[in-house]
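Open the model in your viewer and keep the selection panel at hand. The stops below go from the whole chain to single residues.

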Amino acid sequence: MSAPAPPTPAKAPEGPLPPILDVERNNGQPAHVLIDWMHRWLNTVEVLTGRQPIIYTCPGFWKTAVNNTNEFANYPLWVADWNGGPAPELIGGWNNWVFWQTTDRASIPGISVPSDANVYNGEMGPLSRWANTPFFGSG
């Protein structure tokens with residue numbers, strides 16, 4: 001019996017961002033287990049979609065739950081850092097960020113409850129470059 005054929009990348013429709021891995025909970029798992037799981041998830045999703053996923057996390061979690069690992073610094077970063085300052089804290093070997101969630105309590109017209117507010121890093125090129133394209137970060 002021959003091995004199954006590798007998955008064929010699916011072409012995403014024009015416009016959506018790459019897949020995003022939201023890393024905010026470890027469910028009691030040690031860092032090495034979470035890191036291994038993340039590698040497997042990211043590799044699988046990239047093979048299946050043909051796109052490099054974005055990692056969404058926050059500095060406090062990243063520093064403690066995965067010991068501030070720099071194993072993922074080649075992935076684009078969406079950082080949730082509500083520090084009130086002019087820029088987010090960079091963690092895990094990243095030297096830049098793509099998106100920065102500045103708060104989870106923004107007041108947005110037409111939305112009756114507090115909402116997340118995010119900023120796109122213009123240094124990463126036009127936002128349209130992220131629509132159905134591979135990673136265009138500063139690496």
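Of the 139 residues of the protein, 36% count as buried, where buried means under 20% relative accessible area, exposed means over 50% and partly exposed lies in between (1.4 Å probe, protein chains only). This is a predicted model, in which local features need pLDDT of at least 70 and side-chain atom pairs count only at pLDDT 80 or more, while totals for chains, interfaces and linings use all residues. Residues are numbered from 1 along each chain as its sequence is written, and side-chain values use heavy atoms, with hydrogens and water left out.

**Whole chain**

Show the surface first. Its accessible area comes to about 8100 Å², and 57% of that belongs to carbon and sulfur atoms; the areas come from the Shrake-Rupley method with a 1.4 Å probe, and for residues only the protein chains shown count as cover.

Now switch to a cartoon. Two helices and five strands appear, and from the N terminus on they run β-α-β-α-β-β-β. Helices (H or I, at least four residues) and strands (E, at least two) are DSSP runs, numbered from the N terminus. Among the contacts in the protein with a separation of 6 or more, 46% are between residues 24 or more positions apart; a contact means heavy atoms within 4.5 Å.

**The sheet**

Select the strands. In what order do the five strands form the open sheet? The order is E1-E2-E3-E4-E5, and the pairing is mixed; two strands pair if DSSP finds at least two bridges between them. Strand E1 (20–22) and strand E5 (115–120) are at the edges with a single partner strand each, so one side of each has no neighbour in the sheet. On average, neighbouring strands are turned by 20° against each other, direction ignored. For such angles, axes are lines fitted to C-alpha atoms, for helices over the stretch in contact, and angles run from 0 to 180 degrees between N-to-C directions.

Add helix H1, which packs on the sheet and touches E1 and strand E2 (54–57). The direction of H1 makes about 160° with that of E1.

Next, look at two of the strand pairs. E1 and E2 run parallel and are joined by three bridges; here Asp22 stands opposite Tyr56 in E2. E4 and E5 run antiparallel, with five bridges between them, and Trp100 stands opposite Val119 in E5.

Select E2 and show its side chains. Ile54 and Tyr56 point one way and Ile55 and Thr57 the other, and all are buried.

**The cores**

In soluble globular proteins, nonpolar side chains tend to be buried together. A nonpolar core is a set of buried Ala, Val, Leu, Ile, Met, Phe, Trp, Tyr and Cys residues joined through side-chain atoms within 4.5 Å.

Select Val23, Leu34, Met38, Ile55, Trp62, Phe72 and Trp94, which touch the most other members of the largest nonpolar core, a set of 20 residues. Helix H1 (31–49), helix H2 (59–65) and strand E3 (77–80) each supply at least two residues of this core. H1 gives the most, with five residues.

Centre on Phe72. Leaving aside residues up to four places away in sequence, Phe72 touches Ile35, Met38, His39, Leu42, Ile55, Trp62 and Trp94. Apart from this core lies another, of eight residues, among them Ile54, Trp78, Phe99 and Trp130.

**Aromatic rings**

The structure holds seven aromatic pairs. Rings of Phe, Tyr and Trp (its six-membered ring) pair if their centres lie within 6.5 Å; planes under 30 degrees apart count as stacked, over 60 as edge-to-face and the rest as tilted.

Select Trp78 and Phe99, a tilted pair at 4.5 Å centre to centre with 35° between the planes. This pair links distant parts of the chain, with Trp78 in strand E3 and Phe99 in strand E4 (residues 99–106), 21 residues apart. Both Trp78 and Phe99 are buried. Then select Trp97 and Trp100: their ring centres are 5.8 Å apart and their planes at 70°, so the pair is edge-to-face. Trp97 and Trp100 are buried.

Add Tyr56 and Tyr120 to Trp78 and Phe99, and ring pairs link these four into a cluster.

**A loop to finish**

Go to the loop between H2 and E3, where Asn67 is found. Phi of Asn67 is near 55°, a positive value in a residue other than glycine. Asn68 lies in that loop between H2 and E3 too, and has a positive phi of about 55° although it is not a glycine. Are these side by side residues buried or exposed? Asn67 is exposed, at a relative accessible area of 56%, whereas Asn68 counts as partly exposed at 34%.
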